[in-house]
Amino acid sequence: MTKNFDIKISFTIMALLIALVGIFQSWGVALSILNLCLISAVMSMGVNIQWGFAGLINFGVMGFLAIGGLATVLVSVPPVYDAWAVGGVGILISGLFLVSVIVTIYLINLKIPKFKYKNHIIFLIIILSIPLLKFISGPAIGRIESINAATSGFLGGANLPIILSWFIGGILSALVAFIIGKICLGLRSDYLAISTLLISGIVITIVKHEEWLSRGVKNVIGLKRPAPYETNLQKTEWFINSIEFFNTSKLSNIIDLEARASLLNQLVITSSGIFVKLCFSAIFLIVVLVLLYLSEKALNSPWGRMMRAIRDNEDAAKAMGKNVVKQHLFIFMLGSAIIGFAGAMLVTYDGLFTPSSYQPLRYTFLIWVMVLLGGTGNNYGAILGGFVVWFIWIQSAPFALFIINILTNHLDETSHFKEHLRNSVPYFRYLMMGLGLLLVMRYRPMGLLPEKVIKN
Amino acid sequence: MDFLNAIILISNFIIVPAITYGSQLALGAIGVTLIYGVLRFANFAYGDLMAFGTMIVILTTWYLQSLGVTFGFLPTALLALPIGIIVTIAISLFFDKTVFEYYRKKKSNPVTFIVVSLGLMFVLNALVRIIIGPGDVNFMDGHKFIMKAREFKNITGLNEGLAIKSTQLITLITTVITCSLLFYFLNKTKTGKSMRAYSDNEDLALLSGIDPKKIIIITWVIVSILATIGGTLYGLDKSFKPFTYFNNLLPIFAATIVGGIGNPLGAFYGGFLVAFSEITLTYAYKKFFKYLLPENLEPNTLIQFISTDYKFAISFAILVIVLIFRPNGIFKGKVI
């Protein structure tokens, strides 16, 4: 048996499946599945770092993805100067106020450790600061949102390249993870799960309703791209020439000049879409490979061994002098940063930021299914999980339709039952996810590619 | 007069809706807390179990309506409730047998249970959406209002009206009956006491000859009853939509933890605490102060603590505050 046989065989099968989609459906569909598989792989690697390496259960994935998405808006969108002019000062003052409140609470917490009513004071400060903050920022927010409400109505961003936003998204996520971690990480596993889920709910509410920041439910569309645009590509000389070159045999069969030109035009249009997706695939693949390399290095380093020791036996690790609390916080931030990075990638690929689309089922629990299905504690497993789950998620609807058509073949075409089943085809993906998760947890609890225990 | 007006205003917009919403949350939270106390895991499939139970009730209601059966001025759904409860109990016991029992025997850690309940959540989610569809279903029939705002104004001659929907009264009465029966069962009957004993200390309970299988079956039965009733009441009051039920899981969890997870009485109060804070903190008190204060002191802003957009987030924020200051909940948790 060659080394890593199971990894090679499973990824080969995955590649074949995507290729089959390309052959039978279309290459555009296959590539968009591949791209989202790659993004999903990054997300599940982030969760895997928290859950697989350190045993931290983070159900706040959705929140970090949204923060990553917000970063793309804040970094890449051109600033709205009018909005800054009318409300920038107000927002900055409110920001200063918020920071000063936090610093005050921090100082109170630090300087008077044994005061009986300390918690009451902190509580009172928080309660009082919310209406005050609203009072300070309200007028500025009102002015910002009233400027070109239909097209902008927000502060805009920094007009920087969008790739930069991926890193900013990671950093922002890590900062938020620091705060959440400070609050929650001391809790037991199930408490941690519930509280991270609920806090991610707060994050989503803020992103959704602070319109001066993110345009909220009005969405931000037309974000920048790290890849060329289809319409530009279709006019570019070298692109048309290369398409002509690749399809020489096809084109030379047609003698009529006009027909040849129209075929070429069609080929250029379809292949420009594919070319753009290929550009994305290349970038995403680089990200996945770099992350894989880094996390494999980390997993096999002394640090990775320490994390696994903490995961398997916290008390023993503590007794060996490891600072469990600090390491937990660090790995929580690290994993969340990767999730935020993936969130920014996702928004970049979609080209639009829709805060209302962030729902726990799709953006938290589905990612968890990826990690659990793929293999906890194994980076290859997490990537495979991302691929498999996304593939099933997309392809389960046609598959379910196929099965339904076979099973209800004897029924009349106008049968009400048949029509009802056909209409509910999109929801079979939930059924497949659920059954898949239940079966894997029962019969292969460590996932498709289980963690490799290194013995030396 | 102004004082009375102010009180009616507050009752109409805060007290009545909060009591209704609180009852619905309380029923859900008691269910979650019972599962946590006896089976020792946080059941993420609970929201979808509520949706499932409600769906069966709706289907039965439709069937009854097609037969021409109605329940007078009460909604037909109340007639259909027993069927919904029976089917929900059946599916809960089925899932316990096929899914949870295996992990219980293996004594898996709580996280495994959570993950398995996630799987179940997906399955139930799909079942509900496949059977009844993802859309809004309004299955309320019978009388809509007990007291309309205009009637109230006419009777009392006040400026402010008090509207009471019949679903609000039904919710309150059903919750009171269900909860009194439940607490009577837990505190006075032998089975209830053995359930509490099992939740308190499993080994000691086993040593005293308590049959764990029986306890677990009874827990699922109670939980299914609560889920179906809670879900149906919510559906009657608002409307039935699978996605809302899934989302309601979040405030229910908040209520559970705030009250102390594993403590049914705490969950009951937790539900009301969450409901009242959500509504009182997002209500704009401008009109209220207009009635109470002399004219020259009248406010010209909304006097709203936080905007209504953040209604849902308030329950989460309460949870965070409780977690920081009293991680075991306001009432001591982990004991039934």
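**Exercise 1. Where in chain A is A:Asn219, and is it buried or exposed, or in between?** In which loop is the place of A:Asn219? Work through its backbone and surroundings too.

*Solution.*
Step 1. Let's begin with the position: A:Asn219 sits in the loop of chain A between α8 (211-214) and α9 (230-233). Keep in mind that this is a predicted model.
Step 2. Turn to the backbone. The phi of A:Asn219 is near 65°, a positive value in a residue other than glycine.
Step 3. Now the surroundings. A:Asn219 has 14 other C-beta atoms within 10 Å, so the residue is partly exposed.

**Exercise 2. Treat A:Asn159 in the manner of the previous exercise.** Find its loop, its phi value and its exposure.

*Solution.*
Step 1. The loop that holds A:Asn159 runs between α5 and α6 of chain A.
Step 2. Phi of A:Asn159 is near 60°, again positive in a residue other than glycine.
Step 3. A:Asn159 counts as exposed because 11 other C-beta atoms lie within 10 Å, and the cut-off for this class is 12 or fewer.

**Exercise 3. Judge how far the prediction can be trusted.** Use the overall scores, then each chain, then the helices of chain A.

*Solution.*
Step 1. For the model, ipTM is 0.89 and pTM is 0.91.
Step 2. Chain A has an average pLDDT of 86, with 99% of its residues scoring at least 70. Chain B has a mean of 87, and 99% of its residues reach 70 or more.
Step 3. Within chain A, confidence is lowest in helix α11 (residues 248-252), with a mean of 76, and highest in helix α15 (residues 324-350), at 93.
Step 4. A reminder for reading any such model: where pLDDT is low, the predicted coordinates should not be read in detail.

**Exercise 4. Describe the build of chain A.** Cover its secondary structure, extent, burial and domains.

*Solution.*
Step 1. Chain A contains 19 helices and zero strands.
Step 2. Taken along the principal axes, the C-alpha atoms of chain A fill a box of roughly 90 × 60 × 50 Å.
Step 3. Of the 456 residues in chain A, 41% are buried. Among its contacts between residues at least 6 apart in sequence, 83% join residues at least 24 apart.
Step 4. The domain assignment splits chain A into domain 1 (36-79 + 156-443) and domain 2 (80-154). Their C-alpha centres are 32 Å apart. Eight residues from domain 1 of chain A and 12 residues from domain 2 of chain A take part in the contact. On the domain 1 side, these residues are three nonpolar, two polar and three charged.

**Exercise 5. Follow A:Phe53 out into the fold.** Which helix holds A:Phe53, and which residues is A:Phe53 in contact with, leaving aside its neighbours within four places in sequence?

*Solution.*
Step 1. A:Phe53 belongs to helix α2 (residues 27-54) of chain A.
Step 2. A:Phe53 counts as buried because it has 25 C-beta neighbours inside 10 Å, against a cut-off of 20 or more.
Step 3. With those sequence neighbours left aside, the contacts of A:Phe53 are A:Leu299, A:Gly304, A:Met307, A:Arg308, A:Arg311, A:Ile331 and A:Gly377.
Step 4. A:Glu451 is 398 residues away from A:Phe53 along the chain, yet their C-alpha atoms are separated by 9.9 Å.

**Exercise 6. Map the interface between the chains, then zoom in on B:Phe312.**

*Solution.*
Step 1. The contact involves 35 residues of chain A and 38 residues of chain B.
Step 2. On the chain A side, α5 (118-146), α6 (162-184), α7 (189-209), α16 (360-374) and α19 (428-443) each supply at least two residues. The largest share, 12 residues, comes from α7(A).
Step 3. By class, this side of chain A has 25 nonpolar, eight polar and two charged residues.
Step 4. In chain B, B:Phe312 lies in helix α13 (residues 311-325). B:Phe312 counts as buried, since 20 C-beta neighbours lie inside 10 Å.
Step 5. Not counting residues up to four places away in sequence, B:Phe312 touches A:Gly201 and A:Thr205.

**Exercise 7. Analyse how α2(B) packs with α10(B).**

*Solution.*
Step 1. The axes of α2 (residues 46-67) and α10 (residues 242-259) of chain B come within 7 Å and cross at roughly 145°. The crossing is right-handed.
Step 2. Among the contact residues are B:Tyr46 and B:Met50 of α2(B), together with B:Tyr245 and B:Phe246 of α10(B).
Step 3. The contact comprises seven nonpolar, two polar and one charged residues.

Terms used:
Residues are numbered from 1 along each chain as its sequence is written. Chains are lettered from A and ligands numbered from 1 in the order in which they are written. This is a predicted model: local features need pLDDT of at least 70, side-chain atom pairs count only at pLDDT 80 or more; totals for chains, interfaces and linings use all residues. Two residues are in contact if their C-beta atoms, placed from the backbone, lie within 7 Å. Helices (H or I, at least four residues) and strands (E, at least two) are DSSP runs, numbered from the N terminus. Ala, Val, Leu, Ile, Met, Phe, Trp, Tyr, Cys and Pro count as nonpolar, Asp, Glu, Lys and Arg as charged, and the others, Gly among them, as polar. Domain bounds come from an automatic or database domain assignment. Axes are lines fitted to C-alpha atoms, for helices over the stretch in contact, and angles run from 0 to 180 degrees between N-to-C directions. A crossing is left-handed if the near helix is turned anticlockwise from the far one by less than a right angle, and right-handed if clockwise. pLDDT is the predictor's confidence in each residue, from 0 to 100.
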